[in-house]
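Biologist: Please take a close look at one part of this model and tell me how the backbone and the packing are arranged there. I would like the reasoning spelled out where a classification depends on a cut-off.

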Amino acid sequence: YVRYKAMSAVACRTLWVRVTRFVLCPVGTGLLQLVKQSVQVPVFAMVRPRGGDFLYNDSEIEVMKRDIRMAKANGADGIVFGVLTDDGGVNAPVCMDLIAESRPLSVTFHRAFDMVHNPCASLECLISLGFERVLTSGCDSTALEGLPTIKRLIEQAKQRIIVVAGGGITERNLQRILENSCIREFHCSARSSRESLMKFRNMSVSMGASTAPAEYIVKVADINKVRMLTAIAKDVV
């Protein structure tokens, strides 16, 4: 709750909320409802049935459809998703079905785009399908590293779709990214870590994989980072 109140305290254009399950951490209707009550900016619901790749089976697609219906019923202002084929293309038929489920809300193709085989062809596919936005790091590890590709995608898009830069964007590199591209929207977590308030700690148990965050470290949205990012964006854009 606190992290979303922090995000709404500054001029964010949209707030993206994950509304589906990752491994054993389901987040859904309750979170979306509370966020909608707490912030004044549009809330986009990210629908992703699991972690890992973006090649989904029929059951996972059905889960996505149901989650989209849930998000719409609970006030989401937009839907964010991405589905690929096994050869690294956009799965147009499935995306078409998911877009139909999402309307009349805005639809965004998320960073599954960064895993495509041919970014230029995939962008044209997204445009033809009717996506309003695509989130991308330029098919690289971070938006800064992928900046040349992001610039080419913006030039190719010719305002037919909004290219949203995302991936490793911080207050330390945002100005450089904005000044060296024509992006007008960007995506970032703006988060920091804080120590758990737990007094008793069982250090012999980990509630997840070995690569999961430390058990007694909590990731939170950092209002100071959000303010800095917003100020930088206002100065440059």
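Modeller: Lys158 sits in the loop that links helix 6 to strand 6. The model is a predicted one. The phi angle of Lys158 is near 50 degrees, which is positive although the residue is not glycine. Its relative accessibility is 64%, so Lys158 counts as exposed, the cut-off being over 50%.

Ala190 offers a comparison. Phi of Ala190 is also positive, near 50 degrees, again in a residue other than glycine. Ala190 belongs to the loop between strand 7 (186-187) and strand 8 (191-195). Its relative accessibility is 7%, so Ala190 is classed as buried, for which the value has to be under 20%.

Now the helix that precedes the Lys158 loop. Helix 6 covers residues 147-157 and packs against helix 5, residues 119-129, at an angle of about 40 degrees with 11 Å between the axes. Two packed helices are described by just these two quantities, the angle between the axes and the distance between them. Angles under 35 degrees count as roughly parallel and those from 65 to 115 as roughly perpendicular. Helix 5 and helix 6 are therefore oblique to each other. The crossing of helix 5 past helix 6 is right-handed. On the helix 5 side the contact is made by Pro119, Cys120, Leu123 and Glu124, and on the helix 6 side by Leu153, Gln156 and Ala157. Sorted by class, the residues in this contact are five nonpolar, one polar and one charged.

Helix 5 has further neighbours. Its buried residues are Ser122, Leu123, Cys125, Leu126, Ile127 and Leu129. They pack against helix 4, strand 4, strand 5 (133-136) and helix 6. Leu123 is thus on the list of buried residues and also on the list of residues that touch helix 6. An α-helix has 3.6 residues a turn, so residues three or four places apart point the same way.

Both ends of helix 5 have a local feature. At the N-terminal end, Asn118 acts as the cap, with a side-chain oxygen 3.2 Å from the backbone nitrogen of Cys120. After the helix comes Gly130, with a positive phi near 105 degrees.

Two of the elements packed against helix 5 are helix 4 and strand 4. The loop between helix 4 (92-102) and strand 4 (106-109) contains Pro104. The peptide bond from Arg103 to Pro104 is cis, and its omega is near 15 degrees.

On the far side of strand 6 there is another loop to consider. Asn173 lies in the loop between strand 6 (162-166) and helix 7 (174-179). With a relative accessible area of 13%, Asn173 is buried, because that value is under 20%. Its side chain reaches the backbone nitrogen of Thr170 at 2.9 Å. Apart from neighbours within four places in sequence, Asn173 is in contact with Leu144 and Gly168.

As for the whole chain, there are eight helices and nine strands. Of its 237 residues, 45% count as buried. Among contacts between residues at least 6 apart in sequence, 70% join residues at least 24 apart.

Conventions: Residues are numbered from 1 along each chain as its sequence is written. This is a predicted model: local features need pLDDT of at least 70, side-chain atom pairs count only at pLDDT 80 or more; totals for chains, interfaces and linings use all residues. Side-chain values use heavy atoms; hydrogens and water are left out. Helices (H or I, at least four residues) and strands (E, at least two) are DSSP runs, numbered from the N terminus. Buried means under 20% relative accessible area, exposed over 50%, partly exposed in between (1.4 Å probe, protein chains only). A polar contact is a pair of N or O atoms within 3.5 Å; within protein, one must be able to donate a hydrogen and the other to accept it, and residues adjacent in sequence count only if both atoms are side-chain atoms. Contact means heavy atoms within 4.5 Å. Axes are lines fitted to C-alpha atoms, for helices over the stretch in contact, and angles run from 0 to 180 degrees between N-to-C directions. Angles under 35 degrees count as roughly parallel, over 145 as roughly antiparallel, 65 to 115 as roughly perpendicular and the rest as oblique. A crossing is left-handed if the near helix is turned anticlockwise from the far one by less than a right angle, and right-handed if clockwise. Ala, Val, Leu, Ile, Met, Phe, Trp, Tyr, Cys and Pro count as nonpolar, Asp, Glu, Lys and Arg as charged, and the others, Gly among them, as polar.
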